[in-house]
Amino acid sequence: MSDDELTPASTLREVSDSDSSSSEPRDEPGLPAVPGEVPAVPAGQPHAPVPVVAHADVIDDAIDNPVFITEKLSVSYGTAPAVLDVSLRVPEKQITAFIGPSGCGKSTIIRCFNRMNDLIPGAHVEGTVRYHGVDLYGSDIDSVQVRKRIGMVFQKPNPFPKSIYDNIAFGPKVLGMKGSMDQIVEEALRRASLWDDVKDRLKDNAFGMSGGQQQRLCIARALATNPDVLLMDEPCSALDPISTGRIEDLMHELKETVSIVIVTHNMQQAARVSDRTAFFIVDMGSSEEARIGRLVEYGPTDRIFTNPHDIRTEEYVSGKFG
Amino acid sequence: MATPSIASGVAGPTAESVFGPARRRIGEKAIAFALFCAAATSVVITVGIVVSLTGETLAFFADDAVTASGFLTDGQWTPLFSDPQFGIRPLVQGTLIISGIALIVAIPLGIGTAAFLSEYASPRVRKAVKPTLELLAGVPTVVFGYFALTFFTPSVLQGFLGMDVSVFNGLAGGIIVGVLIVPTVASVAEDAMSAVPQSLREGAYGLGASRRQVTVRVVVPAALSGITAGVVLGASRAVGETMVVLIAAGQVPTTSLDPRNPMETMTAFIGATGKGDVPTGSTGYKAIFAVGFALFLMTLILNMISIRFVRRYRQVYE
């Protein structure tokens, strides 16, 4: 695979350039300082069946501040494996995007980060997920405690059928947080840049808001408990472009204080907002049921979009499939 | 020929030339009519019941031995005595006390069962418990009546709990009526709770809520209208339940508020008097209809209150 094959994706570079300032921690001794100039790295175990590319080359996760480290993470539903052998490191206080076609397991993996898969009967997780070094699936870990630190925003806005105020206050009340509830609510709404929109109608039902406002309310609701990580599972897929833009702006502001992992169908969104991108694919088995998700490539977003090392990543980011 | 047509001589498009020959829709209309008849039956029967009740009730109040004020306020109900008294209060009181006891039993048991099945039970446990519950709903109420009289009162109330209760008593009747309506309350409430979108639960779990917090703070409030519907349905069944109270609660119309004593409900009076030897057309006979009418009004008011309640407090989540 030669570098000049990779030019089709370069049009995306413009939008991702704005993020490159926050990419310093990627540069580690022994690893390529400049994407594309890859020295011969001794081949580790080949991650995907692509012989030409070494493991450390496609899974470029040498970061010194990981918030999550997964090792050989696999999830199955019943007896059917959904996603296999995902090993990557997610950096702190940055935005990491998971992209890939439907069914590639990106949502399944993100749901391991706050043990949301526990709620699905028959879901089984193998391998390890470490959060600040602690095994999230260790026997001494209470999944409820995990979710207090790691907030989540879902595909469809899912406010509770309560007032705007009560939606925000839900988390702090459940966790028994101390302090003035009014203040907690205001701060969360301000962080989600929703305060000015709703400060005069805090007692109104959240269902009276627009879809974009509802989703920002859900972000505010998650922020109210002061999480360390925010997981976003296709947060904009039900929203119009303007609402999407506001949420993306919000993510840029939030990464000062929280680590964000976002799953998205939308490659441009990944290019716009994220610092690092992981690309997943679906391995088509013999039948529909045998679809298995795999991690193909992971690295700094601008490198993934302008200089992908795996031919499948290149085809995906250049729009040939998916 | 008077109106010239542009298309004269040329066949323009017709419905038939575009869509093919029209199909006759007799079958469709017959089905629609049959379904309408099915729906109309319940309306017609309801109207018929009201009409027949109203006629006899008016005849009852036209009787010399009856006054409307005595009916509403008098504390004695002795319609078959030689000197009859027609004060409905003892019957209403008996009905309310027994239904109240039944609801005290059925609301926690029913909603608890529903919450367990919807939020806690594994699919396997749910598969085992739900049919059992439905089995309970299928037991004839006369069986519950004798269960209350021959087992619950002597063995549980008098024996196990050592309570000083009569052989016939309102407490046993009320508790067993409560057990009887648990499946009704539980099944309707469980449907409502299962219908709460999974996305709301995920939202709450994602904020670090425990299962109990998700159930109590998210699922139950969101399902409140359905849960209330279940409770009201159960309450209507409790108020209307006849066999259990007829067998186990005794037939003593009393103004005593102590459920350890025998008491008579409105339905028990109707059942006992209707099968007895009261002559058709007598005041006692007409009293059956008057009590029936009062019962009808009570359940109607109950339903109206609950509809208002549901409208006011329900949380719309879609």
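Chain A exposes about 13100 Å² of surface, and carbon and sulfur atoms supply 50% of that. This is a predicted model, so keep that in mind for everything below. Of the 322 residues in chain A, 55% count as buried. The secondary structure of chain A is a mix of 12 helices and 10 strands. As for how the chain folds back on itself, take the contacts between residues at least 6 apart in sequence: in chain A, 72% of those join residues at least 24 apart.

Now for the partner. Chain B has 13 helices and zero strands, so read along its sequence you just get α-α-α-α-α-α-α-α-α-α-α-α-α. Buried residues make up 40% of its 318 residues. The accessible surface of chain B is about 17200 Å², with 67% of it belonging to carbon and sulfur atoms. Among chain B contacts with a separation of 6 or more, residues 24 or more positions apart account for 69%.

Here are the two chains side by side.

| Item | Chain A | Chain B |
|---|---|---|
| Residues and buried share | 322 residues, 55% buried | 318 residues, 40% buried |
| Helices and strands | 12 helices, 10 strands | 13 helices, zero strands |
| Accessible surface | about 13100 Å² | about 17200 Å² |
| Carbon and sulfur share of surface | 50% | 67% |

**Where the chains meet**

How many residues are in contact between chain A and chain B? On the chain A side there are 25, and they touch 20 residues of chain B. The area buried between the two chains is about 1900 Å², and carbon and sulfur atoms give 63% of it. Three residues stand out here: Pro161(A), Phe170(A) and Val174(A) supply 27% of the area that chain A buries against chain B, more than any other three residues.

On the polar side, the interface has four residue pairs in polar contact, both partners at pLDDT 80 or more. Which elements of chain A give two or more residues to the side that touches chain B? They are α4 (143-149), β6 (150-153), α5 (164-174) and α8 (211-223) of chain A. The largest share, four residues, comes from α5(A). Sorted by class, this side of chain A has 14 nonpolar, four polar and seven charged residues.

The rule also finds one salt bridge across the interface. In a salt bridge with an N to O distance of 3.0 Å, the side chain of Arg111(A) meets that of Glu202(B).

**The helix behind Glu202(B)**

Glu202(B) is one of the buried residues of α8(B). The others named there are Leu200(B), Arg201(B), Gly203(B), Ala204(B), Tyr205(B) and Gly206(B). Helix α8 of chain B covers residues 198-206, and because seven of its nine residues are buried, the helix is largely enclosed by the rest of the structure. Just after α8(B) comes Gly208(B), with a positive phi of about 90 degrees.

**Arg294(A) and its surroundings**

Back in chain A, Arg294(A) sits in strand β10 (residues 292-300). Is Arg294(A) buried or exposed? Neither label fits: its relative accessibility is 22%, so Arg294(A) counts as partly exposed. Leaving aside neighbours within four places in sequence, Arg294(A) is in contact with Leu84(A), Cys104(A), Phe279(A), Phe280(A), Ile281(A) and Asp283(A). With Asp283(A) there is a side-chain to side-chain polar contact of 2.5 Å.

Arg294(A) also leads to Asp85(A). These two residues are 209 apart in sequence, yet 7.0 Å separates them in space, C-alpha to C-alpha. Asp85(A) belongs to strand β2 (residues 80-91) of chain A. At 29% relative accessibility, Asp85(A) counts as partly exposed.

**Two positive phi values in chain A**

Most residues other than glycine have a negative phi. Asp85(A) has a positive value instead, near 50 degrees. Glu234(A) is another residue other than glycine with a positive phi, near 45 degrees.

Where is Glu234(A) placed? The residue lies in the loop between β7 (229-233) and α9 (241-254) of chain A. Glu234(A) has a relative accessibility of 7%, so it counts as buried, while Asp85(A) is partly exposed at 29%.

Methods. Residues are numbered from 1 along each chain as its sequence is written. Chains are lettered from A and ligands numbered from 1 in the order in which they are written. This is a predicted model: local features need pLDDT of at least 70, side-chain atom pairs count only at pLDDT 80 or more; totals for chains, interfaces and linings use all residues. Side-chain values use heavy atoms; hydrogens and water are left out. Contact means heavy atoms within 4.5 Å. Buried area is the accessible area (1.4 Å probe) that two parts lose on being put together, summed over both. A salt bridge is a side-chain nitrogen of Lys or Arg within 4 Å of a carboxyl oxygen of Asp or Glu. A polar contact is a pair of N or O atoms within 3.5 Å; within protein, one must be able to donate a hydrogen and the other to accept it, and residues adjacent in sequence count only if both atoms are side-chain atoms. Ala, Val, Leu, Ile, Met, Phe, Trp, Tyr, Cys and Pro count as nonpolar, Asp, Glu, Lys and Arg as charged, and the others, Gly among them, as polar. Buried means under 20% relative accessible area, exposed over 50%, partly exposed in between (1.4 Å probe, protein chains only). Accessible areas come from the Shrake-Rupley method with a 1.4 Å probe; for residues, only the protein chains shown count as cover.
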